[in-house]
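Student: Could you take me slowly through one part of this model, the pairing of charged side chains, and tell me how each term is defined as you go?

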Amino acid sequence: MNGLTADDFADFLHEVHGRHPYPWQRNLVEFILANGAWPDVLDVPTGLGKTTVIDVAAFVAAARPEIARRRVFFVVDRRLVVDEAHEHAQTLAEALRDPSGPVSAAVAQVLAQPGDDGPPLQVTRMRGGATWSWRWLERPDRHAIIVGTIDQIGSRLLFRGYGVGEFLRPIDAALTGTDSLIVLDEAHLAEPFKATITTALDRDQGHVARRPLVLTMSATTRRAPGDVVLGTTADDMLDEHAGPRLRARRSMTLIQASVTKKNAHTAIPRLMADWATFLIGDVDSGRVVLVVCNTVARARAIHDLVADGGRADTVLLTGRSRPIDREYLMHRWYPRIRVGRAREAGKPLIVCATQTVEVGANIDADALVTESASLAALIQRFGRLNRTAGLDRAPALVVHDPTCGEDDAVYGPTRQTTWQWLTELTSPLSARAARTPKPLDGGCDVSPQALARYLRELDPSRQEQMRQPPPYVPVLFSTTLSAWTRTSPTPHPDTPVAPYLHGLGHGTPDITLVWRSGLPADDPARWAEIVEPLPPAIEEAVQVPVHAVRRWLTRPDSTDTVGDMEGQADEPDTEDPSSPQQRHVLRYRGDFELIEPRAIRPGDLIVVPAAWGGCDEYGWNPASTKPVRDLADLVGRRDRPVLRLRKELAEVAADYHPWLADGLAELVRQATSDARSEDRPPADDYRVALKRLLESCPDQDKKLPLTRNLRRLAERCTVSVTQSTLLLSRKGGGWSGDVGPLDSSALGIREAIGLAEHQQAVAKRAEEFATNLRLTPELINAVKAAAGWHDEGKRDPRFQAMLRGRPLRTSIRLREQDLLAKSGLNATDRAAFRRARLLAGYPEGMRHEALSAQVASLHLAEYDEKLDPQLVRHLVAAHHGRSRPLLPPISDPEPRTITVHGHQLETDLTVDWDAPQRFAELNQRYGPWGLALLETIVRLSDIWCSERDETEREGT
C-alpha cells in the first residue's frame, strides 16, 4: 500500500485544501481501502463537499494502485456556468505539482509516471468540437481528472464523440472506456447512460485494461437491488463543520400565481422580479438574491425587468453562453456570490439564472426565488441558499405557474406532483398576498436535515412520482456496438447514440454555433476562405438545440423555450417548409461546406456572420439583432494563439480590457499599414510592442483570455498576412489535425526530423506508455514494433519531396539517413501544404499508412519477438485513425515501386481487403476498448515525440 493508510487521508486533504475531511469522507476512504472497491452510490446532500471524491480517488490511486482507476470522469447533466469540480481538481493538481507536506509528496511520487516530464495529475474539461482542443489528455498513462457532461463523455465512450472527427474517436473511446472511474454527480437523467455503459462493458470480453467503474452521487436517484450505498451518518451531524451545514436554516414560502395561459409568459416574470427586488432590502444591504428559472428565455425576461429597476446590480447566468464570455462574466461577478465571501454593506446583487447553477456552482445566496420544478431540481436550488449556515434566516420562494400541466416542456408531470407535495408541507400565500411583496413570517424549514426527514417519511411510490420518469432505452445489441467500433469509414446509415445516453426522444445532440465578423452577406461563397486561417473553436461557441437554430434562421420572431439540461425531451422541429431559405450557414467538419438551414444536422458545428445577432455577453439570445462579438482571437488553441490585428480586435479589447484599448488600437493601425507593405517589420518588433502593452496589465487581468494570448505571442510569434490582415501566431496555432497527408507531419515542429530517429523515439515512448499501463509483455512488444515501423510508408520519394516542399526529382535518390519523418513546414500555412503536395506529385487523399502496413509485414516475417502479427499490422495501418476497418480506396495514377531492405513493394496497393475481417477478429480478441487503447498508445507516442521534436539521437 506504498506506506499510505486511511489515517493519512486527513493530513493529505489538509495539505491540499487546508481543511480536514468530514466524517463521511473519512468513511469513504476507509471503505475503499478495506474492501478493495468503491460503493455504487454516495447519498450526500448538496453543500457537503461531494467534490472531495476527486481527492479520494487520487489518494486511493496512490495508496492502492491495484484497485484504483487512472482517469476520473466527473459527469454532470448541466451546462455549467461555474465548474466547481474543475476548480477543485485544479487545486489538487497544483498541490501535487508542488507538494506542501509529506503525504501529498508521497501521493505525487506514486502518481507520477516514469518518463513523464508533466504533472502527476492532469486536469481538463471535455469540450471537444474543434481541431486543436481534442488533446484533452497528453499521455494514456497519466492520471487525470476530466469534467464533462453525459453527452460529451458518453458519446466518446461509444466511439461516436459529439464534435469529434471520425479519426480521433478511437482515442477518446479508449481513454473513457478503460481504466476509468465515472462519477455521476446529481445526474437526475443519468439512468439510461448508466444502463448503457453496463450493457456495453458486459459485451467487452477483452482483457487489455481494467473496465470502468461507475459511482452515482445523489440523494434522489433510483437505486438498483444490491447497490452498496454510503452516506452521511450521525457523526456528520455532530461534526463542527458538517453539522451546521446540515442544519442550515432555509424557510420555504409557496406562491401559486394567479395567471392564465395567455398572460403567464409576462405575468410570471413580473411577479418573480417584484419579489426578487423586494428581497434585496435596503439599497446598501449587500444582499445576493438568486432567481432560478426553468428556461433561458424566462431567466432573460426577469433579468431585463430587474435591470430596468436599477436598485441592484444584476447579472444573467446561463449555460447557453460562450466559454470566453462566461470566463469574463465570472471574473467580474463570482467573487460577490461564491461561498466564503465576506458579507458586507454595499449595492445588492440579483443573479438571474437557469439550471446551470444547480450543480457545480459554489454559490451562497441570501435569498432565493425559484420557479417550481421537479423534486431533485428544487433540492439542488435550495442548496445554493445559506450554504455555509452564516444566516439566521434565509427565505426561499417557490413560484408555481398553474397553467403548466403534465406536459411541462422541461420537467413533465414531476413539476405538478412535486408542487402538490410541497403544498402539503405548507400552504401557499393567498393570491392577494402573493401580488404584493411584504416581509415573510415563518415558512417551512427546507434545511438539508429537514428535507432528509421529509423524504424518509414519504411513501416510496409517492417519491417516485416526483422523479422524472425514466425514458425507454433501446436494447444495445452486439451488432450495434460492433458497428460503432467501425469509425473509419463510418457505416451508413449510422445508428445514433443519443437514445442510448438519454432514452428515445431525449437528448438529441446540440448544434455548436460560432459567430465571425467580416463575412460578406452578399458573397457567402467567400466565407470559408475568410474563416479558414482561424478554424472555429469551442471556446467561442454556444451549444443550442437544432430546432432552436433552425427556428432562429427561418423564424427569428418565434418563442424560445430552450432549457439548460441535457436529456430533455426533444422538441418537434417547427421549421416552416414554405419559409424562404435565404440565410445559408457554413458547416465545419474538418473542411467547410455552405448549407441551408434545413440541411443542419444534430452535432454540427456551424459558423454564421456576426452581423446577424443571436448572442450577447450573456449567451444565446435569438431576439437580439445587435452584431455579436467575434472572439476567435481570444481562443487559447492549446497555448498556440493566433491574433488578427484588425479594428474588431481593438473593439473587443475596449469592451473587456479598457486599459488596453488605446495601445492595441494603435498597434492595429500600424499592422494594417504593414499588411499592405511588401517590406513588413520582423516579428520581433511586434513582440516588443506586445510586451510594452502588457506592462500596464492589472494583476486581476493577467489570467484572462486576451491577455493570456498576448503574453504567449510576446514570448514567441511569427508574422503572416491573410485576407489583407496581419496575423501573429505561435507555430502550429491555426490548424493541428490530420485531414491531409502533411497535417500529421507538420505539427508545429521547429525543424525537420529524420525517419529513423523519429521511429526509434516513438517506439521507445510506446514501450514506456505500455509498461506504465502494466500491459503484458506480448502487448508491449506489439505496440513497440508497430510504433517502430509506423512511418515506413514515407519512404515514397513523392512523400519525401512533399516534406521538403520541392519537386519530385530532388528526392528520388535520397540516402537512408536523409529520409524525413516530419517536415519543417508551418502547420498554420494551409496554402503551403497544398503547394507542396502538387509540386511533389503525391496523389490527393493517398495515405502513407497503406505502404507502412506492407513494410511492417515484411519486418514481421523476420521478427523474433513473440507478438501478434495481425495486431501489429492493424496498429500500423490505423495509426492515424483510419483503417477501422478500411483505408481510403485511393487509386495511384502513377504507381511507384519502392525498394525496402531488399524487397520491392508497389504503391498502388492502397486497400487491404483483409482488413475488415482482421479488424473484427481483433475486436473479439482484445475487446473494442482494449484494441482502441493499443492504437492510442501508438498514436499518442507519435504525437508526443512529434510535438517535442523528440528523436532517439537525443536519448529520449
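Tutor: Let us begin with D185, which counts as buried at 7% relative accessibility, where buried means under 20% relative accessible area, exposed means over 50%, and partly exposed lies in between, with a 1.4 Å probe and protein chains only. Please keep in mind that this is a predicted model, in which local features need pLDDT of at least 70 and side-chain atom pairs count only at pLDDT 80 or more, while totals for chains, interfaces and linings use all residues. Residues are numbered from 1 along each chain as its sequence is written, and side-chain values use heavy atoms, with hydrogens and water left out.

The partner of D185 is K50, and the closest N and O atoms of this salt bridge are 3.9 Å apart. D185 belongs to strand β5 (residues 180-185), whereas K50 sits in the loop between β1 (41-43) and α3 (53-63), so the pair ties together parts that are 135 residues apart in sequence. K50 is buried too, with a relative accessible area of 9%. A salt bridge here is a side-chain nitrogen of Lys or Arg within 4 Å of a carboxyl oxygen of Asp or Glu, and helices (H or I, at least four residues) and strands (E, at least two) are DSSP runs, numbered from the N terminus. As a general point, side chains of opposite charge can pair when their charged atoms come close.

A second pair joins D655 to R629, with the closest N and O atoms 2.8 Å apart. Helix α23 (residues 647-656) holds D655, and the loop between β21 (619-620) and β22 (642-645) holds R629, so this salt bridge ties together parts that are 26 residues apart in sequence. D655 counts as partly exposed at 45% relative accessibility, and R629 is likewise partly exposed, at 25%.

A third pair is formed by R918 and D912, whose closest N and O atoms are 2.8 Å apart, and here R918 is buried, with a relative accessible area of 10%.

Salt bridges can also be followed beyond single pairs: R516, E540, D630, D633, R644, R646, K647 and E648 are linked in a network of them. To place these examples in the whole, a search of the entire structure finds 66 salt bridges, among them the one between D185 and K50 with which we began.
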